[in-house]
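The following report considers a single protein chain, moving from its overall fold to two local sites.

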Amino acid sequence: MSNLIVLPLIVPVITAILLVFLRENVFLQRIISLLTLSFVVLISVILLLEIQEQGVMRIDFSGWAPPFGILFVADSFAVLLVLTANIVAVICLLYAIFTIGKSFEKMYFYPFVLLMVAGVNGSFLTGDIFNLFVCFEVMLLASYALISLGGEKVQLREALKYVLINIVASWIFLVALAFLYGTVGTLNMAHISVRVMELGADPLITTVALIFLIVFSLKAGLLLFFWLPGSYSVPPTAIAALFAALLTKVGIYALVRTFTLLFPNNTEVTHMALGVMAGLTIIAGCMGALAGRDVRTIASYNVLIGVGFIVAGLAIGTESALQGVTYYLMHDMVAKAMLFLAVGTMIYVTGETVIDKMSGLIRNYPLFGWLFFIVMCSLAGIPPLSGFLGKVLIGQGAIEGGNFVLLGLGFLSSLIVLYSLLRIFLSSFFGETIISLEDEKPLPKRMVLPLALLAACTIGLGIGAEWMAPYVTDAAETLYTPSIYIDAVLDGTTWQGEVNK
């Protein structure tokens with residue numbers, strides 16, 4: 001059964017290579033891509049159920065036992081994110097099939113999407129920090145192609161900025177890896193944790209941890225986010241939705257795994273830095289969302305608010321907060337994809353991007369209007385939608401840990417999110433219509449279907465919270481108690497013996 005762990009990486013990679021040779025057969029590319037991602041969703045469900053029976057699972061490549069070989073590790077936290085990411089990817093791909101056009105589809109769109117999703121899945125599942133770097137690069141190389149797909153001037157400008165920032169971040173990542181390996185002599189995440197516990201609150205280890213904080217902050221859009229609003233505003237709608245849903249979440253995942261497993265010591269330094277950066281990101285995101293007039297810009301700054309809120313939960317660090325982090329990550333993937341698809345659909349039917357130039361859309365497109373209302377309520381954390389429980393759990397953790405500043409910023413951000421999206425809703429959907437019945441552009445049901453599916457997901461995550469609770473609780477317990485992960489990867493007696501020496 002452990003062999004299944006590698007399939008979320010291997011299957012999309014093999015399929016992407018196959019699709020390169022089917023460039024002219026667009027229909028076949030569509031079907032194969034959807035089936036591939038659906039297969040990964042099925043594998044993720046099987047793995048999630050198996051983890052509840054067996055505990056944390058791993059696969060050692062080429063028979064090399066840890067800590068010497070490369071391995072993939074599947075715990076509830078990683079597999080929940082793989083499951084959610086691939087469900088969102090299937091729905092965004094469905095939207096792309098209906099909207100992106102054959103000219104884009106023949107430019108290797110589907111192979112690049114599958115490679116990007118493979119990199120995302122590999123990043124979530126790897127148990128080796130150098131392999132995390134490799135999976136990051138697979139994901140980023142595919143995203144470089146996707147962000148510039150179409151070759152418009154504004155795309156190329158933002159793509160250049162996006163590529164340069166990520167190349168610098170990758171270089172810093174390699175430097176951090178070199179320092180880490182030179183200090184602890186291993187790249188296996190569980191073994192790094194053991195060696196770091198042996199060293200205690202060593203200043204060099206704390207310095208390396210802060211370098212990793214800079215690297216993953218660049219990739220997650222935490223404080224160092226100047227590249228994000230422009231980069232997420234220029235690609236075609238389906239690609240922008242994939243970016244908003246998946247790419248920053250990989251950076252957040254790396255932060256969570258790094259500061260719960262790899263560097264559990266000296267939290268007064270690392271978690272203080274995380275908390276300050278999270279608070280500043282929330283403030284900056286709120287300012288951008290309030291000041292924005294372009295619907296894409298407002299949506300991009302809402303991504304930043306979500307990043308800051310999730311990392312605030314990590315900085316708080318209680319088990320309740322980590323449950324909230326897990327749940328809110330899943331919610332944010334779904335809701336941000338839905339927000340970007342909704343914003344792209346608004347631009348499609350009006351030809352405008354500024355909210356002041358849109359009005360009365362609900363008269364022409366009532367179903368679409370109420371779908372936007374659902375995503376607005378979900379992102380604001382209104383029950384019974386998916387955003388509510390994650391916010392409550394992180395808030396509960398903040399109260400338990402006495403982090404009242406982050407608590408206040410987090411819930412103030414909910415009001416700002418609600419206001420910024422309500423401004424779009426009231427300005428663009430209500431008021432006097434700008435589209436006469438004669439000029440009304442048809443909105444095909446096939447374009448509304450992906451939005452309806454994402455709406456069903458956010459409602460399901462909210463109403464089905466009790467069903468999800470055992471998986472989220474197990475994920476948070478593994479994060480809060482690193483020994484569970486370490487015992488599953490290394491022999492428990494061996495690593496405890498190392499620590500006691």
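## Overall fold and two local sites

Among contacts between residues at least 6 apart in sequence, 82% join residues that are at least 24 apart in this protein, which is a predicted model. The secondary structure consists of 22 helices and two strands. The radius of gyration is 22 Å, close to the 23 Å that the globule rule gives for 501 residues, so the protein is as compact as a globular protein of that length. Further values for the whole protein are collected below.

| Property of the protein | Value |
|---|---|
| Box filled by the C-alpha atoms, along the principal axes | roughly 80 × 55 × 45 Å |
| Residues that count as buried, of 501 residues | 62% |
| Exposed area | about 18100 Å² |
| Share of the exposed area supplied by carbon and sulfur atoms | 68% |

At the surface, L223, M272, V276, L280, I283 and M287 make a nonpolar patch of about 540 Å². One of these residues, I283, is placed in helix 12, which covers residues 267-291. With a relative accessible area of 38%, I283 is partly exposed, and because patches are made of residues with over 30% relative accessible area, that value meets the cut-off for patch membership.

The second site is centred on K391, a residue of helix 17 (residues 386-401). Although K391 is buried, it has no salt bridge, and the nearest side chain of opposite charge, that of D332, is 7.7 Å away. When its neighbours within four places in sequence are left aside, K391 is in contact with F309, Y328, L379, A380, G381, F411 and S414.

Definitions and conventions
Residues numbered from 1 in each chain as written. Predicted model: local features only at pLDDT ≥ 70, side-chain atom pairs only at ≥ 80, totals over all residues. Heavy atoms only, no water. Patch = residues over 30% accessible without salt bridge, like charges linked within 9 Å, V, L, I, M, F, W, Y side chains within 5 Å. Areas by Shrake-Rupley, 256 points an atom, 1.4 Å probe, with all protein chains shown as cover. Salt bridge = Lys/Arg side-chain N within 4 Å of Asp/Glu carboxyl O. Helix = DSSP H or I, 4+ residues; strand = E, 2+ residues; numbered from the N terminus. Buried < 20%, exposed > 50% of the residue type's maximum accessible area, 1.4 Å probe, protein only. Lys, Arg positive; Asp, Glu negative; His and termini not counted. Contact = heavy atoms within 4.5 Å. Rg over C-alpha atoms; globule rule 2.2 N^0.38 Å.
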